[in-house]
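Let's take a walk through this protein together, beginning with the overall picture and then moving inward. Have the structure open and turn it as you read.

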Amino acid sequence: MSRTALRICPLCEATCGLTLTVEGTRVTGARGDREDVFSKGFICPKGAAFGAVDGDPDRLRTPLVRRDGELREATWEEAFDAVAAGIRGVVERDGANSVGVVLGNPNVHTMAGALYPPVLLAGLGTRSVFTASTVDQMPKHVSSGLLYGDANAIPVPDLDHTDHLLLLGANPLESNGSLCTAPDFPGKLKALKARGGTLTVVDPRRTRTARLADRHIAIRPGTDALLLAAMAQVLFEEDLVDTGELTPHLQGLGELREAVRDFTPEAVAAACDVDASLTRTLARELAAAPTAAVYGRIGSCTVPHGTLASWLVDVLTILTGNLDRPGGALFPQAATDRTPRPAGPSHGFALGRWHSRVSQHPEAKGELPLSALAEEIDTTTAEGEPIRALVTVAANPVLSAPDGDRLDKALGSLDFMVSVDPYLNETSRHAHVVLPPPPPSQSPHHDFAFNTLAVRNQVRYTRPAVPLEPGRMAETEILARLVLAATGMHGADPSAVDDLVVGQTLGKAVKETHSPVHGRDPQELAALLQGDTGPERRLDMMLRLGPYGDGFGVRPDGLSLTKLLAHPHGIDLGPLTSRLPQPLKTRSGKVELLPGPIADDLPRLREALRQRADGLVLIGRRHLRSNNSWMHNVPALTGGTNRCTLHIHPEDAEDLRLVDGQLVGIKGAGGAVTAPVEITDTVRRGVVSLPHGWGHDRPGTRLRHAAQDPGVNVNQLLDGTLLDPLSGNAVLNGVPVELIASP
């Protein structure tokens, strides 16, 4: 007999509410939850395929432990015994930094991934930390840290109210949005146009989003920062700067004017391949709009000047007075945010507090570049021991990092590796222990990270839609036990991890004068926490201490887990509102418009005025029915347009005598791959495009459907040496390649 259950979709950043059809313990259908306070029934193909993703027969069901060179099924006890022995042996012999940790993108899509990795990193004390952020959005974190003093203070466009939206390197009709959590992003863009607003898209490809736009500008890849700097120069030159109510919160306006003086539209025109008059028009339209927002995403982050481009996105919003006001870009306020502190100067944001051992890359936000992982494993220097043990959690860097072949070999040389992953994939196949989490239907869900980026303040929580199957272990318990095993507490009850965090958090809260629990007894507060599990008690604590919380009884109408459970479709907390100066954590207490690291990097941008790549350059692309390398093993989400083909402009194809469907070799600094040609005028001349996340052809994996049409790994074309120096982000777009037609 079938029943229905609610679930928040974990398959992309839109976080849509789903209504699942469940038969026994199997999810047989999924539709949009029309009563969801945020998504209101919207669903995309990934959400509709939730049951197929959840029930993939290739998902691992039991732990694997390597014995005599082969991964074999084992008990949970045997697996964690092996983890404790493997990691602690390396720590005791070579030190904490000899243990690396790699956190993949799916971590931010689960409760467990949000709650436990920070405890693991703190307990290990390692500086060898790598995440998917440095092949994605780290430039935005760094620019926000430098501007606002907080790397996680990222303003998002007020999509529901803006009159003018400028998008760079973003294709939300395919991605559903990123660093801007918005169910039905396509519908919001159509609503913008329906109310008379303007949508401008800057992208080397005529994407689905670009086709919707009022104006599409096919910029030369990698030159977004130059275009944005020229627009800022025009605003100053033509006296169009109007910071309005922001003015008291700004520092460095005069210095900023001088910093962009050289970047005139005429100076950047050749590099960007954008006519100077058009650049001036863009700046004037942005300034003239009643409200406006600028939004840049992965295409403007994964380039040589990604941090500068991310900084200039916010600079334009600030210069036109659109930061922190409705219709512009605002700072969301998530229900689990910390208790808002009084506005004023704070500690600020620092870069380069330590450096990678081999290439001396500076850390950013506590992370080293994922591009440096291979050399940190396979290279010996006088600067300390190489990484000899590795923990990967929901990560597949063999496909997501540059030069996967080198990393593939490096992983095979490790003394010990443990992977928390539902699949035996291109990375986890090297592990000595694989710890498989259950499918998403058997896990609770709350979006800690994405609610801090949401276009409307709201809070939702769903308990598991399906009971945990016998032999499975909850992902929260897996990660709690991993923390204990890796930090010398193997064998302790996993609840000890949650108790430790609760004690530390409440102990700190009662000492903060702005906290609603100031002066109270932390043990008394801990006893008041509600929830059936440790993770639920932690969620209850965060809700009650948060900006909308009940303060443990101080505000009776405030949030708590009990109240949230009484609202299964979520609680609407209202539209985004102006919050400055409270979010600012800079040393000055103001928005610091020209931070030192930014000013020091501007000469490199000036050098780019004289640079122009000859030949073809490569960019990536996204498919609506996939998310990185996650979903190519699900038949319902592959085929059709979701194919690994090389897009090339018809005139470039003619010059190279290529025909549609022909196999072509693609050669870059990191190696070569072969893919079928797809001739299309959706890419501009001089540009070719290959999607990321493919390359499922390595032996030893258990991804049967993906292996039937493996595609090629676009990141193998990169050697890992091209990075944005401020953020350590890999340069994935605008890189030179050579095409070699197959005979």
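A good place to start is the overall build of this predicted model. For a compact globule of 743 residues, one would expect a radius of gyration near 27 Å, and the protein has 25 Å, so the two agree. If you lay the C-alpha trace along its principal axes, the spans come to about 70 × 65 × 60 Å. Within that space you will find 26 helices and 28 strands.

How much of the protein is buried? Buried residues account for 62% of the 743. The accessible surface comes to about 26800 Å², and carbon and sulfur atoms hold 50% of that surface. Charges are worth a glance too: there are 73 positive and 87 negative ones, and their mean positions lie 2 Å apart. As for how the chain meets itself, take the contacts between residues at least 6 apart in sequence: 72% of these join residues at least 24 apart.

Now let's go inside. In soluble globular proteins, nonpolar side chains tend to be buried together. Here the largest nonpolar core has 59 residues, and the members that touch the most others are Tyr148, Met231 and Trp311. Several elements give two or more residues to this core, including α6 (138–148), β9 (164–168), α15 (306–319) and α24 (596–608). The element that gives the most is α10, with eleven residues. Apart from this core lies another, of 51 residues, with Phe130, Leu368, Leu618 and Val688 among them.

Tyr148 deserves a closer look. Setting aside residues up to four places away in sequence, Tyr148 touches a list of partners that includes Ala153, Pro155, Asp314, Ile318, Phe331, Pro583 and Val591.

Stay with α6 for a moment, and find Ser144, which has its place in this helix. Is Ser144 buried or exposed? Its relative accessibility is 0%, so Ser144 counts as buried. Beyond its neighbours within four places in sequence, Ser144 is in contact with Gly149, Asp150, Ala151, Ala153, Ile154 and Pro155.

Our last stop is α12, another contributor to the largest core. Which residues of α12 are buried? They include Pro265, Val268, Ala269, Ala271 and Cys272. An α-helix has 3.6 residues a turn, so residues three or four places apart point the same way. The buried residues of α12 pack against α10, α13 and α24. Just after this helix comes Asp273, which takes a positive phi of about 60°.

Notes. Residues are numbered from 1 along each chain as its sequence is written. This is a predicted model: local features need pLDDT of at least 70, side-chain atom pairs count only at pLDDT 80 or more; totals for chains, interfaces and linings use all residues. Side-chain values use heavy atoms; hydrogens and water are left out. Helices (H or I, at least four residues) and strands (E, at least two) are DSSP runs, numbered from the N terminus. The radius of gyration is taken over C-alpha atoms; the globule rule is 2.2 Å times the number of residues to the power 0.38. Buried means under 20% relative accessible area, exposed over 50%, partly exposed in between (1.4 Å probe, protein chains only). Contact means heavy atoms within 4.5 Å. Accessible areas come from the Shrake-Rupley method with a 1.4 Å probe; for residues, only the protein chains shown count as cover. Lys and Arg count as positive and Asp and Glu as negative; His and the chain ends are not counted. The place of a charge is taken as NZ of Lys, CZ of Arg, CG of Asp or CD of Glu. A nonpolar core is a set of buried Ala, Val, Leu, Ile, Met, Phe, Trp, Tyr and Cys residues joined through side-chain atoms within 4.5 Å.
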